[in-house]
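Colleague: Please take a close look at one part of this model for me, namely the way its helices pack. I would like a connected account, with the surroundings added where they help.

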Amino acid sequence: MKDATVPPTELPRSLLVLGGTSEIALATARRLIARRTRTVWLAGRPCPALEKAAGSLRALGADVRTVAFDALDPESHETVLGKVFAEGAIDMVLLAFGVLGDQAHDERDPVRAVRVAGTNYTGAVSAGLVAGRALQGQGHGRLVVLSATAAERARRADFIYGSSKAGLDAFAQGLGDALHGTGVHVMVVRPGFVRTRRTAGLRRPPLATTPEAVATAIELGLRRGSETIWVPGSLRPLMAALRHTPRALFRRLPV
Ligand SMILES: NC(=O)c1ccc[n+]([C@@H]2O[C@H](COP(=O)([O-])OP(=O)(O)OC[C@H]3O[C@@H](n4cnc5c(N)ncnc54)[C@H](OP(=O)(O)O)[C@@H]3O)[C@@H](O)[C@H]2O)c1
């Protein structure tokens, strides 16, 4: 009999992506399909990009279906995810939806700021709880949550996004502890700056990475049964140092 406290190290055969057009999620799906994954559900707001993403994964040989999912409509999450799990076991859920927002605009428009928080945090609380319970019901599975290094310390430049990711990160860690011993394992992924369409045009900091590098790190984390990963890994000690930097000094840093 398997020890439910020990994370599995095999890669998933079936994958559910929440945020089905996410560039990081699609790079991860491509990598997992090349390894072992055969069934993929892409959950997202209905749009041509979602169908195009599904087509691109089908071309790699996976059985891919799409399902309408809106992070900002938590009342629907139970029904939407329930339908997916009713079709067959899901070995891994990748919680990938999120918005960066526009800090300068959002500071002046609290309703827009709340959309960032509602998508990244409260939407993930609802979807994470529903997915966690469904995985627990089948007795196994992984929940992989795309947090961000921004979660570790809110910066002047993006504290609305950063605080929503801090909430998400703390929630995911707690959910992982709540599910410990049930056969369900939660892995928190903290990428730094990733070069994608959402970050196109933004100042590219040192240590910027790519969706493919995040996918590689996720595969390694799954194989190792990791609970938290940083991408790139060198951000871990850097963020630890920044987290403990006194406020007066932190405010003056060009981060
Ligand atoms: N790129 C980075 O630098 C970076 C760094 C650290 C962490 N992350 C995190 O990684 C995750 C994926 O980001 P990415 O770079 O792959 O960005 P992306 O390509 O812009 O993906 C974001 C995804 O979130 C979805 N989404 C937004 N609002 C939604 C809603 N209300 N309901 C359902 N889905 C919604 C988008 O769907 P639509 O197509 O419908 O908009 C899209 O699928 C995000 O959580 C992000 O915060 C990104």
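Modeller: An axis here is a line fitted to C-alpha atoms, taken for a helix over the stretch in contact, and an angle is the one between N-to-C directions, running from 0 to 180 degrees. Please keep in mind throughout that this is a predicted model.

With that in hand, α5 and α6 can be described as packing at an angle of about 15°, their axes being 9 Å apart. Angles under 35 degrees count as roughly parallel, and α5 and α6 are therefore roughly parallel to each other. Their crossing is right-handed. On the α5 side the contact includes Ala113, Val116, Tyr121, Gly128 and Gln136, while among the α6 residues that meet this helix are Ile160, Lys165, Leu168, Phe171 and Leu179. Sorted by class, this contact of α5 with α6 has 13 nonpolar, 6 polar and 1 charged residues.

Helix α5, which spans residues 110-138, also packs with α3, residues 77-86, at an angle of about 35° and with the axes 10 Å apart. Here too the crossing is described as right-handed. The α3 residues involved are His77, Glu78, Leu81 and Phe85, and they meet Ser126, Ala127, Val130, Ala131 and Ala134 in α5. The classes in the contact of α3 with α5 come to 6 nonpolar, 2 polar and 1 charged residues.

Turning to another pair, the axes of α1 and α7, the latter covering residues 211-224, cross at roughly 50° and come within 8 Å. By the convention for such angles, α1 and α7 are therefore oblique to each other. The crossing of α1 and α7 is right-handed. Helix α1 contributes Glu23, Ile24, Ala27, Thr28, Arg31 and Arg35, and the α7 residues in the contact include Pro211, Glu212, Val214 and Ile218. Divided by class, the contact of α1 with α7 holds 6 nonpolar, 2 polar and 5 charged residues.

These helices can then be placed against the sheet, in which 7 strands with parallel pairing form an open arrangement in the order β3-β2-β1-β4-β5-β6-β7. Its edge strands, each pairing on one side only, are β3 (63-68) and β7 (228-231), and the twist from one strand to the next averages 15°. Within this order, β4 (residues 92-95) and β5 (residues 141-146) run parallel and are joined by 4 bridges, one feature of the pairing being that Met92 has Arg142 as its bridge partner in β5. Helix α2, residues 48-58, lies across β2 (39-44) and β3, and runs at about 165° to β3. Helix α6, residues 159-179, packs on the sheet as well, touching β5 and β6 (184-191), and its direction makes about 160° with that of β6. Helix α6 thus touches strands β5 and β6 and also packs with α5.

Finally, the ligand brings α1 back into view, since the largest share of the shell around the ligand, 3 residues, comes from this helix, residues 23-35. In total 28 residues surround the ligand, the closest being Ser22, Ala71, Gly98, Ala148 and Val194. By class, this shell has 15 nonpolar, 9 polar and 4 charged residues.

Notes
Residues are numbered from 1 along each chain as its sequence is written. This is a predicted model: local features need pLDDT of at least 70, side-chain atom pairs count only at pLDDT 80 or more; totals for chains, interfaces and linings use all residues. Helices (H or I, at least four residues) and strands (E, at least two) are DSSP runs, numbered from the N terminus. A crossing is left-handed if the near helix is turned anticlockwise from the far one by less than a right angle, and right-handed if clockwise. Two residues are in contact if their C-beta atoms, placed from the backbone, lie within 7 Å. Ala, Val, Leu, Ile, Met, Phe, Trp, Tyr, Cys and Pro count as nonpolar, Asp, Glu, Lys and Arg as charged, and the others, Gly among them, as polar. A residue is near a molecule or strand if its C-beta atom, placed from the backbone, lies within 6 Å of it. Two strands pair if DSSP finds at least two bridges between them. Angles under 35 degrees count as roughly parallel, over 145 as roughly antiparallel, 65 to 115 as roughly perpendicular and the rest as oblique.
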